[in-house]
Amino acid sequence: SSVLPAESSDGDVDPPAPLSMYERVALSLFGVPSTSSLDPDSGLLNYFQILTLVRIGVPAIGLGIVAGAAYVPLAVAVASSIQNGAGDASQIAGTFNLILGDNSNQFIQNMHNAMGLLFSIFTVYTYFFMYRQQEQIFYSLFEEVTSAKALLEQIGLISAGRTSLYRDLLECIRQYTEE
């Protein structure tokens with residue numbers, strides 16, 4: 001079962017979605033959090049921090065270790081194939097030596113351009129993700145403001161002629177907006 005059940009638009013609580021692998025690991029490390037509030041003592045904030053660490057930090061550290069261990073052998077293999085290839089590989093090695101020997105500046109410029117292109121692609125995806133996240137936040141805030149506006153209109157209709165009830169309900173709305 002999921003930690004936080006989803007609430008549908010009609011106010012009913014939907015059945016919880018199955019847990020992902022990351023959520024199961026975070027629950028095994030932390031336990032079931034309290035869902036009362038997001039204060040640091042409630043446990044929910046700590047649960048989400050551990051969930052983020054498990055989803056992002058552990059794979060990144062693992063891939064960094066694998067890449068660090070694989071870099072040296074791959075670099076040595078490529079360098080040795082360029083220097084002394086056998087058979088058809090010697091022709092390829094000769095081509096690499098020709099490229100590197102005759103026009104090393106152009107080779108470095110081409111590599112620089114390729115790395116710049118890769119960086120641009122990664123940057124575009126990062127900005128797209130951030131824009132999408134900001135868009136979701138904007139739509140959520142718009143939905144909340146729309147609901148609050150509808151609630152204020154309903155309060156005005158319900159408490160027509162009852163000034164003390166009207167003041168009390170407006171005070172409750174003010175407290176909600178300050179939180």
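Which side chain meets that of Glu135 in a salt bridge? In this predicted model, the partner is Arg132, and the N to O distance in the salt bridge is 3.9 Å. The legends below take up this pair and several other close-up views.

**View 1. The whole chain is built from helices.** The secondary structure of the chain comes to five helices and zero strands, so that, read from the N terminus on, its elements follow the order α-α-α-α-α. Of the 179 residues of the chain, 9% count as buried. The accessible surface comes to about 14,400 Å², and carbon and sulfur atoms account for 65% of that surface. When contacts between residues at least 6 apart in sequence are considered, 24% of them join residues at least 24 apart.

**View 2. Confidence in the prediction, with the start of the chain in view.** The average pLDDT of the chain is 77, and 68% of the residues score at least 70. Over residues 1–5, pLDDT stays under 50, although the model has 16 contacts beyond four places in sequence for these residues. Where pLDDT is low, the predicted coordinates should not be read in detail.

**View 3. The largest nonpolar core and its surroundings.** Five residues, namely Leu19, Ala26, Leu27, Tyr47 and Leu51, form the largest nonpolar core of the model. Two elements, helix H1 (21–30) and helix H2 (44–83), each give two or more residues to this core. In soluble globular proteins, nonpolar side chains tend to be buried together. Ile50, which is found in helix H2, can be included in this view, since Ile50 and the core residue Ala26 are 6.0 Å apart in space, C-alpha to C-alpha, while being 24 residues apart in sequence. Ile50 counts as partly exposed because its relative accessibility is 22%.

**View 4. A nonpolar patch on the surface.** Met111, Met115, Leu117, Leu118, Ile121, Phe122 and Tyr125 together make a nonpolar surface patch of about 730 Å². One of these residues, Ile121, has its place in helix H4, which covers residues 104–158. Why does Ile121 count as partly exposed? The reason is its relative accessibility of 36%, a value that lies between the limits of 20% for buried and 50% for exposed residues.

**View 5. A salt bridge along helix H4.** The view returns to Glu135 and Arg132, whose side chains meet in a salt bridge. Because these two residues are three residues apart in helix H4, about one helical turn separates Glu135 from Arg132. Side chains of opposite charge can pair when their charged atoms come close. Both partners are partly exposed, Glu135 with a relative accessible area of 25% and Arg132 with a relative accessibility of 41%.

**View 6. A buried serine after helix H4.** Ser159 has its place in the loop between H4 and helix H5 (163–178). Is Ser159 buried or exposed? Ser159 counts as buried, because its relative accessibility is 4%, and the limit for a buried residue is under 20%. Leaving aside the neighbours within four places in sequence, Ser159 is in contact with Leu165 and Tyr166.

**View 7. A network of salt bridges in helix H5.** The count for the model comes to three salt bridges, and this view shows those that involve Arg174. Glu171 forms a salt bridge with Arg174, in which the closest N and O atoms are 2.2 Å apart; both residues lie in helix H5 and are three residues apart, about one turn of the helix. Arg174 also forms a salt bridge with Glu178, where the closest N and O atoms are 2.5 Å apart, and these two residues, both in helix H5, are four residues apart, again about one turn of the helix. Salt bridges that share partners thus join Glu171, Arg174 and Glu178 into one network. Glu171 counts as partly exposed at 32% relative accessibility, and Arg174 likewise counts as partly exposed at 37%, whereas Glu178 is exposed, with a relative accessible area of 57%.

Conventions:
Residues are numbered from 1 along each chain as its sequence is written. This is a predicted model: local features need pLDDT of at least 70, side-chain atom pairs count only at pLDDT 80 or more; totals for chains, interfaces and linings use all residues. Side-chain values use heavy atoms; hydrogens and water are left out. Patches are made of residues with over 30% relative accessible area and no salt bridge: like charges are joined within 9 Å, nonpolar side chains (Val, Leu, Ile, Met, Phe, Trp, Tyr) within 5 Å. Accessible areas come from the Shrake-Rupley method with a 1.4 Å probe; for residues, only the protein chains shown count as cover. A salt bridge is a side-chain nitrogen of Lys or Arg within 4 Å of a carboxyl oxygen of Asp or Glu. Buried means under 20% relative accessible area, exposed over 50%, partly exposed in between (1.4 Å probe, protein chains only). Contact means heavy atoms within 4.5 Å. A nonpolar core is a set of buried Ala, Val, Leu, Ile, Met, Phe, Trp, Tyr and Cys residues joined through side-chain atoms within 4.5 Å. pLDDT is the predictor's confidence in each residue, from 0 to 100.
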